[in-house]
Amino acid sequence: MNTARTTSATILIIALLGAAAATVARKGTTAERGADTLRLSQPGTLLVVDAKGTRVRQTTLGGKELGTGPDCRRAAVAAGTLVCLHGLPGPFSSEVRIYRPGTTKPEVTLPVWGKPSRARVSPSGHLVAWTVFRSGDSYAASGQFSTTAGIYDLRNGTHYGSLEDFTVHDEDRPPQSADRNFWGITFAADDRTFYATMSTAGRTHLMRGDLSTRELTPLRENVECPSLSPDETRIAYKKRVGAEWQLHVLHLRTGQDTALAAPAGVDDQAAWLDESTVAYGRTERGKPFVYSVPADGSGHPSKVAEGSSPSVTTGER
């Protein structure tokens with residue numbers, strides 16, 4: 001266990017929690033555009049970050065424009081809750097901003113150390129998660145980035161800190177390896193179970209987490225950026241195949257792994273448009289686009305919208 005890293009991480013978490021408490025207490029002091037023009041409670045619409053990578057756009061699945069929202073680099077929505085990862089001036093500085101339907105200002109704002117990478121909301125809308133890139137870990141080579149992933153509970157204000165502080169159950173490795181990194185959280189409907197990627201010793205692992213016990217269990221190697229299907233039977237993810245990633249779908253019960261008809265090189269956390277369709281972001285000629293592809297490996301990609309970070313509104317529960 002890397003005591004220096006754990007101590008510094010703990011100090012950082014305490015500092016961020018203190019700042020977060022102050023920010024939540026004065027929530028709504030920013031003049032940034034809010035979510036009041038978005039239809040967060042309307043199910044079956046698409047939210048993306050625009051082509052400039054700065055603002056949320058909402059459209060129908062057919063592409064009709066419905067509204068624009070807050071400044072975000074990464075965004076996700078479910079059950080009327082919108083989470084935005086907002087980049088701030090200065091190196092490795094961001095905020096997690098959480099909006100509810102019809103609000104002009106964030107309900108909660110959390111400062112985070114790192115550059116926006118991934119965002120997710122639980123099916124209930126009660127939990128939000130984020131991943132950020134950071135630098136400066138003692139084990140990392142100069143110029144190498146690390147990741148931090150965290151979870152916040154809107155119901156009671158619980159900040160779970162970093163997944164690095166969770167207990168990892170792995171008989172093949174030390175319980176707390178110094179080079180562990182986590183990213184790409186996705187939630188089950190019970191507001192307790194979640195999945196994420198852990199990397200250590202040069203390998204990536206699909207982890208199942210339990211918020212009630214703050215424990216993580218490895219399930220499978222070579223799984224990155226998992227996305228749990230609405231029926232919770234499958235996980236869409238990116239798999240390292242040679243030098244590039246390839247989108248796959250893993251059946252959790254059988255272990256069957258299916259390569260999707262998306263092109264190689266997709267670097268994104270996929271989103272489920274419905275039980276049979278997966279969406280992902282891909283940059284072409286310098287512009288980001290959202291594509292959809294069947295989740296059973298058939299068919300071919302279809303362009304859905306210009307932008308990135310897709311997610312589908314599900315309505316309030």
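Which residues line the largest cavity? In this predicted model, the lining consists of Arg74, Ala75, Arg118, Ala119, Arg120, Asp268, Gln269, Ser309 and Pro310. Three elements give two or more residues each to this lining: β4 (74–78), β8 (115–121) and β25 (308–312). The largest share comes from β8, with three residues. By residue class, the lining holds four charged, three nonpolar and two polar residues. The space inside the largest cavity is about 40 Å³. The structure holds one cavity of 30 Å³ or more.

A second region of interest is the run of strands β17, β18 and β19. Strand β17 spans residues 224–228, and strand β18 spans residues 234–241. These two strands pair in the antiparallel sense, over three bridges. Leu228 stands opposite Ile235 of β18. The two strands form a hairpin, with five residues between them. Within that turn, Glu232 has a positive phi of about 65°.

Strand β18 also pairs with β19, which covers residues 244–251. This pairing is antiparallel too, and eight bridges support the assignment. Ala236 has Val249 in β19 as its bridge partner. Here the hairpin has two residues between the strands. Gly242 takes a positive phi near 70° in this hairpin. Strand β18 thus pairs in the antiparallel sense with β17 and with β19.

Note on methods:
Residues are numbered from 1 along each chain as its sequence is written. This is a predicted model: local features need pLDDT of at least 70, side-chain atom pairs count only at pLDDT 80 or more; totals for chains, interfaces and linings use all residues. Side-chain values use heavy atoms; hydrogens and water are left out. Two strands pair if DSSP finds at least two bridges between them. Helices (H or I, at least four residues) and strands (E, at least two) are DSSP runs, numbered from the N terminus. On a 1 Å grid over the protein atoms alone, a cavity is a set of points where a 1.4 Å probe fits but cannot get out, and a pocket is an open set with protein on both sides within 12 Å along at least five of seven lines; lining residues have an atom within 4 Å of a point. Grid points are joined across faces, edges and corners, and a volume is the space filled by probe spheres set on the points. Ala, Val, Leu, Ile, Met, Phe, Trp, Tyr, Cys and Pro count as nonpolar, Asp, Glu, Lys and Arg as charged, and the others, Gly among them, as polar.
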